[in-house]
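Let's take a walk through a protein together. Have the sequence and the 3D view ready, and look up each place as we come to it.

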Amino acid sequence: MDNQKINWYPGHMAKARRQMEEQIKKADLILEICDARMPFSSRNPDLNKMIGSRKRLLILNKSDLANETVNRRWLGWFQSQGTDAVLLSSLRMNRKELLDRIDKNTREITEKALLRGMKKTIRAMVIGVPNVGKSTMINRLRGNSIAQTGDRPGVTRASQVIRVTPYLELMDTPGLLWPRLDDQNAARRLCYIGTIRDETVDLYALTAALLEELKTLAPQALAERYHLKDLSGDSAKLMEEICRGRGWLLKGGEADLERCCNVVLDEFRGGKIGRISLEEPQNQARNTVNQSDDEKAGNRNDGPDGESPAADGF
Ligand SMILES: Nc1nc2c(ncn2[C@@H]2O[C@H](COP(=O)(O)OP(=O)(O)OP(=O)(O)O)[C@@H](O)[C@H]2O)c(=O)[nH]1
Ligand SMILES: [Mg+2]
């Protein structure tokens with residue numbers, strides 16, 4: 001992955017970006033969604049600039065896939081920064097709690113309108129990078145599947161307004177990345193979680209990099225999932241072992257590395273290896289690969305918090 005520049009800006013995004021710049025100005029509230037496993041790298045700096053000082057609620061979605069302790073740390077960190085944030089799992093959220101939170105964030109606007117004798121319909125815009133669960137969250141809030149969703153990036157191609165309650169409209173928008181890719185660590189993580197299309201990256205290099213990170217972030221979970229006795233070898237060796245353990249062999253007995261890459265990435269994305277957070281608030285301003293050994297130990301996702309999926313947040 002080191003020598004491979006990722007082209008993460010498909011053509012449709014430039015058009016969507018221009019439209020969203022205008023739409024943001026008209027929104028009463030911005031619901032910015034990021035991935036709870038990596039709230040730093042899954043937020044689009046470009047969108048951040050466009051939002052400016054407009055009212056926003058930051059939603060750390062897919063919290064069911066992230067480590068619970070780290071989730072709480074992120075929530076505390078955002079609070080300390082003055083950013084209103086919530087943990088969410090769109091797949092098992094409490095609809096009323098999220099609606100109440102939206103209501104709280106727009107109360108001033110509705111009360112002002114009431115004073116003028118009007119019952120205002122709030123328009124909130126749902127934005128974020130691809131595949132973080134924007135459309136899924138809207139469907140869950142509405143109670144049926146009106147917006148198209150899918151476990152790949154780029155499903156929503158155009159903005160669409162969806163009425164969620166008589167007085168709340170949400171605008172679903174296409175996931176947006178930013179055109180300049182400077183931080184290759186962030187790019188790699190975005191690939192791990194399926195924000196950038198797999199077709200644009202070398203999946204072998206990506207899986208090798210992910211396994212290297214998991215050796216540090218969740219060694220126990222990794223060893224257990226793939227019955228690995230020894231994690232000291234490099235990622236090429238680990239992939240060989242995973243293939244042999246699972247019986248993924250080609251005709252001549254060679255390891256089926258393509259299958260290994262597809263399954264490991266898929267299992268990581270689906271939380272099957274464990275609830276693993278890729279970023280911690282205290283490291284948010286630098287690369288986790290440059291952490292000290294103490295910090296690495298503190299960043300582990302293994303142990304009681306990393307094991308059982310449980311609903312937290314909404
Ligand atoms: N585990 C888990 N999966 C989720 C959650 N929210 C969404 N998903 C899954 O993530 C995938 C992407 O969801 P979408 O709602 O299509 O994501 P999106 O942000 O609208 O994506 P684009 O339209 O491509 O920008 C789907 O497979 C969803 O089922 C969540 O909270 N937890
Ligand atoms: Mg979508």
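What follows is a tour of this predicted model, from the whole chain to some of its details.

Start with the overall picture. The secondary structure of the protein chain comes to 12 helices and six strands. Of its 314 residues, 54% are buried. Now think about which residues touch each other. If you take the contacts between residues at least 6 apart in sequence, 71% of them join residues at least 24 apart. On the outside, the chain exposes about 14800 Å², and carbon and sulfur atoms supply 47% of that area.

Next, turn to ligand 1. Which residues come nearest to this ligand? Among the 23 residues around ligand 1, the nearest are D64, S90, K134, T136 and G154. Some of the polar contacts can be followed atom by atom. D64 places a polar side-chain atom 2.8 Å from a nitrogen atom of the ligand. K134 also uses its side chain, with a polar atom 2.7 Å from an oxygen atom of ligand 1. N131 takes part through its backbone instead, where a polar atom is 3.0 Å from an oxygen atom of the ligand. How much of ligand 1 does the protein cover? On its own the ligand has 660 Å² of accessible area, and the protein covers 90% of it.

The magnesium ion, ligand 2, is our next stop. S135 (OG) and T156 (OG1) coordinate this ion, at 2.0 to 2.1 Å. These two residues link distant parts of the chain: S135 sits in helix α5, which spans residues 134–142, while T156 is in the loop between α5 and β5, 21 residues apart. Are they buried or exposed? S135 has 7% relative accessibility and T156 has 13%. Buried means under 20%, so both residues count as buried.

Stay with helix α5 a little longer and find L141, which also belongs to this helix. L141 is buried, with a relative accessible area of 0%. What does L141 touch? Leaving aside neighbours within four places in sequence, L141 is in contact with M93, R95, L98, L99, I102, V164 and L170. You can also look at N94: this residue is 47 residues from L141 along the chain, yet their C-alpha atoms are separated by 8.7 Å.

Now move to the loop between β1 (29–35) and α2 (45–51), where you will find S42. S42 is buried too, with a relative accessible area of 1%. A polar atom of the S42 side chain lies 2.9 Å from the backbone nitrogen of D35. D35 is also one of the residues that S42 touches, along with I33, C34, V129 and L190, not counting residues up to four places away in sequence.

Our last theme is charge. Side chains of opposite charge can pair when their charged atoms come close. This structure holds 23 salt bridges. Let's visit a few of them.

The side chains of R43 and E32 form one, with N and O 3.0 Å apart. R43 lies in the loop between β1 and α2 and E32 lies in strand β1, so this pair ties together parts that are 11 residues apart in sequence. Both partners count as buried, R43 at 18% relative accessibility and E32 at 2%.

Another salt bridge joins R188 and E213, whose closest N and O atoms are 3.3 Å apart. Because R188 is in helix α6 (residues 184–192) and E213 is in helix α7 (residues 203–217), the pair ties together parts that are 25 residues apart in sequence. R188 counts as buried at 9% relative accessibility, and E213 counts as buried at 9% as well.

R244 and E240 give us a salt bridge inside one helix. Their side chains meet at 3.3 Å, N to O. Both residues lie in helix α9 (residues 235–246), four residues apart, which is about one turn of the helix. Here R244 is partly exposed at 43% relative accessibility, and E240 is partly exposed at 32%.

Finally, salt bridges can join up into a network, as you can see with R17, E21 and D46.

Methods: Residues are numbered from 1 along each chain as its sequence is written. Chains are lettered from A and ligands numbered from 1 in the order in which they are written. This is a predicted model: local features need pLDDT of at least 70, side-chain atom pairs count only at pLDDT 80 or more; totals for chains, interfaces and linings use all residues. Side-chain values use heavy atoms; hydrogens and water are left out. Donors are N, O and S atoms within 2.8 Å of the metal (3.2 Å for Na, K and Ca); water is not among the atoms, so sites may look incomplete. Buried means under 20% relative accessible area, exposed over 50%, partly exposed in between (1.4 Å probe, protein chains only). A polar contact is a pair of N or O atoms within 3.5 Å; within protein, one must be able to donate a hydrogen and the other to accept it, and residues adjacent in sequence count only if both atoms are side-chain atoms. Contact means heavy atoms within 4.5 Å. A residue is near a molecule or strand if one of its heavy atoms lies within 4 Å of it. Accessible areas come from the Shrake-Rupley method with a 1.4 Å probe; for residues, only the protein chains shown count as cover. A salt bridge is a side-chain nitrogen of Lys or Arg within 4 Å of a carboxyl oxygen of Asp or Glu.
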